[in-house]
Amino acid sequence: MERVPLKILEKAQDSIIILRLKDGTEYKGRLKEIDSYMNMIIEDATEFMDGAAVAKYSEIFIRGNNLLFIKPDASEIF
Amino acid sequence: MERVPLKILEKAQDSIIILRLKDGTEYKGRLKEIDSYMNMIIEDATEFMDGAAVAKYSEIFIRGNNLLFIKPDASEIF
Amino acid sequence: MERVPLKILEKAQDSIIILRLKDGTEYKGRLKEIDSYMNMIIEDATEFMDGAAVAKYSEIFIRGNNLLFIKPDASEIF
Amino acid sequence: MERVPLKILEKAQDSIIILRLKDGTEYKGRLKEIDSYMNMIIEDATEFMDGAAVAKYSEIFIRGNNLLFIKPDASEIF
Amino acid sequence: MERVPLKILEKAQDSIIILRLKDGTEYKGRLKEIDSYMNMIIEDATEFMDGAAVAKYSEIFIRGNNLLFIKPDASEIF
Amino acid sequence: MERVPLKILEKAQDSIIILRLKDGTEYKGRLKEIDSYMNMIIEDATEFMDGAAVAKYSEIFIRGNNLLFIKPDASEIF
Amino acid sequence: MERVPLKILEKAQDSIIILRLKDGTEYKGRLKEIDSYMNMIIEDATEFMDGAAVAKYSEIFIRGNNLLFIKPDASEIF
């Protein structure tokens, strides 16, 4: 059991992703960096709460241990 | 005590599964990859909240530490 | 202090058990596999919420870190 | 700092204990086995919620990481 | 950075302490044993909820990972 | 997978950041120090709850394990 | 990335600090000892809930894993 799922995330670098945190907040933006703890740098990130855009960040660091899921290719959504 | 339960999950790759996260959200889709942390890539995933389909994802990465259970062969359900 | 309690669970393989998760959900079914993390495969599992049967699964993988307790021999109950 | 508190629990084997879990549920019964993770096998266990007996189990495995406290010698109580 | 704070707790052995758990429950009693995980044996313990004494235990084992604080010398209080 | 996301945070030292903790509290201030656990020293920090400034601290130590996200360059915001 | 933030806390020994725990309780007092787990001994501690002083302790041990933040130099506040 290699850590293949993480490799797929690595390949998603520089593409648009959507991620959801445990508190329900979602972020859509460009995945610039991700490490094995799933810490991420997201560029041009939009923050969503209850489906509504509430903030925009040119660059944001998100701590991986709060992550629920990542949708790797989200360029067509929204 | 080998980690036999995880081996059964490995065998479920490429089949349709249902999984429930700690927050009650459920996903049904094709299990493409799973690692020993139970991180998963699910293809053609439908997201369910309170039993209702709320979203569809062509591909989604789910962090294993939020997992409650996996039903390995769910092809006959829904 | 050996891990004797887990050995008793190993002996429960192939018998009917009841388990309760931290969220209060209970499962009754045949314990097919269990590892040292208390990950389990349960066959012919019935899911109970607030005492009522809500779902049946021919086979289910349950992540051990959500486990509250296991009743090893539950063949006489329900 | 040896792990003296756990040694006292070991000595409590085969005696009647009361334990409380983080969710407030209590169990009274005979401590058959305990390991260094505080996983326990309790025999002739009675489950209490809000002070009322709600279930009886001839044998039950309780995962130690949910434990709040153990009263080692509870033979005189109830 | 030695673990000096724990050494102060060791010196509190055989004296009366008050401790609070994460759920707000407090215990006052004689600290008989404590280990590096802050597991404790308390003798002649009184349990307090919302400031009111609700139970007494001749001896109780308390799991350290639920601990919020310990007041080492509480002989003059209450 | 190097820990590149953390390196970007290191470069943010001495610049103004915004961080959000798991409980929703936010802090804006100058990032003086950060370690690999994401423990931080923030100078001239303003604390925000529900979007309103509620306190100011000339210097504050924030424990990294409660961190949700960091916006590295926040000099233009507020 | 050395653990510089913790070093700053070490330098705060014997000065007045304010700390907040995850449950919102705050303590103001003299930091006597701190270790790398952020376990602390606070002297002449005042406990605050919802901003109001509710208790005083000549000496208190606080478990570090509940810590939200520490304001190192709080001698001028309150």
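Colleague: How many salt bridges does the structure hold over all chains?

Modeller: This is a predicted model, and the count that follows is computed from its atoms. Taken over all chains, the salt bridges in the structure number 21.

Colleague: Which residue of chain A meets the side chain of F:Arg20 in a salt bridge?

Modeller: The pair crosses between chains, starting from F:Arg20 in strand E1 (residues 16–21) of chain F and ending in strand E3 (residues 40–49) of chain A. The N to O distance of this salt bridge is 3.1 Å, and the partner of F:Arg20 is A:Glu47.

Colleague: Is F:Arg20 buried or exposed?

Modeller: Buried means under 20% relative accessible area, and the partner A:Glu47, at 2% relative accessibility, counts as buried. F:Arg20 has a relative accessible area of 7%, so the word for F:Arg20 is buried.

Colleague: What is the N to O distance where the side chains of C:Arg20 and C:Glu26 meet in a salt bridge?

Modeller: Here both partners belong to chain C, and both C:Arg20 and C:Glu26 are buried. Their side chains meet in a salt bridge with an N to O distance of 2.6 Å.

Colleague: How many residues apart are G:Lys32 and G:Asp14?

Modeller: G:Lys32 forms a salt bridge with G:Asp14, with 2.7 Å between the closest N and O atoms. The pair links distant parts of the chain, since G:Lys32 is in strand E2 (residues 26–34) of chain G while G:Asp14 is in the loop between helix H1 (4–11) and strand E1 (16–21), and the separation is 18 residues.

Colleague: Is G:Asp14 buried or partly exposed?

Modeller: Its partner G:Lys32, at 24% relative accessibility, counts as partly exposed. G:Asp14 has a relative accessible area of 42%, which lies between the 20% limit for buried and the 50% limit for exposed, so G:Asp14 is partly exposed.

Colleague: Which residues are joined into one network by salt bridges that share partners?

Modeller: Salt bridges that share partners bring residues of chain A and chain B into one network, and its members are A:Arg20, A:Glu26 and B:Glu47.

Colleague: With which side chain does the side chain of B:Glu47 make a polar contact?

Modeller: B:Glu47 is placed in strand E3 (residues 40–49) of chain B, and with a relative accessible area of 2% B:Glu47 is buried. The polar contact of the B:Glu47 side chain spans 2.5 Å, and the side chain on the other end is that of B:Tyr27.

Colleague: Where is B:Lys22 found in chain B?

Modeller: B:Lys22 belongs to a positive surface patch that is formed together with A:Lys22, C:Lys22, D:Lys22, E:Lys22, F:Lys22 and G:Lys22. With a relative accessible area of 44%, B:Lys22 is partly exposed. Its place in chain B is the loop between strand E1 (16–21) and strand E2 (26–34).

Colleague: How far apart in space are E:Pro5 and E:Glu43, C-alpha to C-alpha?

Modeller: E:Pro5 lies in helix H1 (residues 4–11) of chain E, where E:Pro5 is buried with a relative accessible area of 0%. E:Pro5 and E:Glu43 are 38 residues apart in sequence, and their C-alpha to C-alpha distance in space is 22 Å.

Colleague: What distance separates the C-alpha atoms of C:Asn66 and C:Val54?

Modeller: C:Asn66 sits in the loop between strand E4 (52–62) and strand E5 (67–71) of chain C, and at 4% relative accessibility C:Asn66 counts as buried. C:Asn66 and C:Val54 are 12 residues apart along the chain, and the distance separating their C-alpha atoms is 19 Å.

Methods:
Residues numbered from 1 in each chain as written. Chains lettered and ligands numbered in written order. Predicted model: local features only at pLDDT ≥ 70, side-chain atom pairs only at ≥ 80, totals over all residues. Heavy atoms only, no water. Patch = residues over 30% accessible without salt bridge, like charges linked within 9 Å, V, L, I, M, F, W, Y side chains within 5 Å. Areas by Shrake-Rupley, 256 points an atom, 1.4 Å probe, with all protein chains shown as cover. Salt bridge = Lys/Arg side-chain N within 4 Å of Asp/Glu carboxyl O. Lys, Arg positive; Asp, Glu negative; His and termini not counted. Charge placed at Lys NZ, Arg CZ, Asp CG, Glu CD. Helix = DSSP H or I, 4+ residues; strand = E, 2+ residues; numbered from the N terminus. Buried < 20%, exposed > 50% of the residue type's maximum accessible area, 1.4 Å probe, protein only. Polar contact = N/O pair within 3.5 Å; in protein donor to acceptor, adjacent residues only side chain to side chain.
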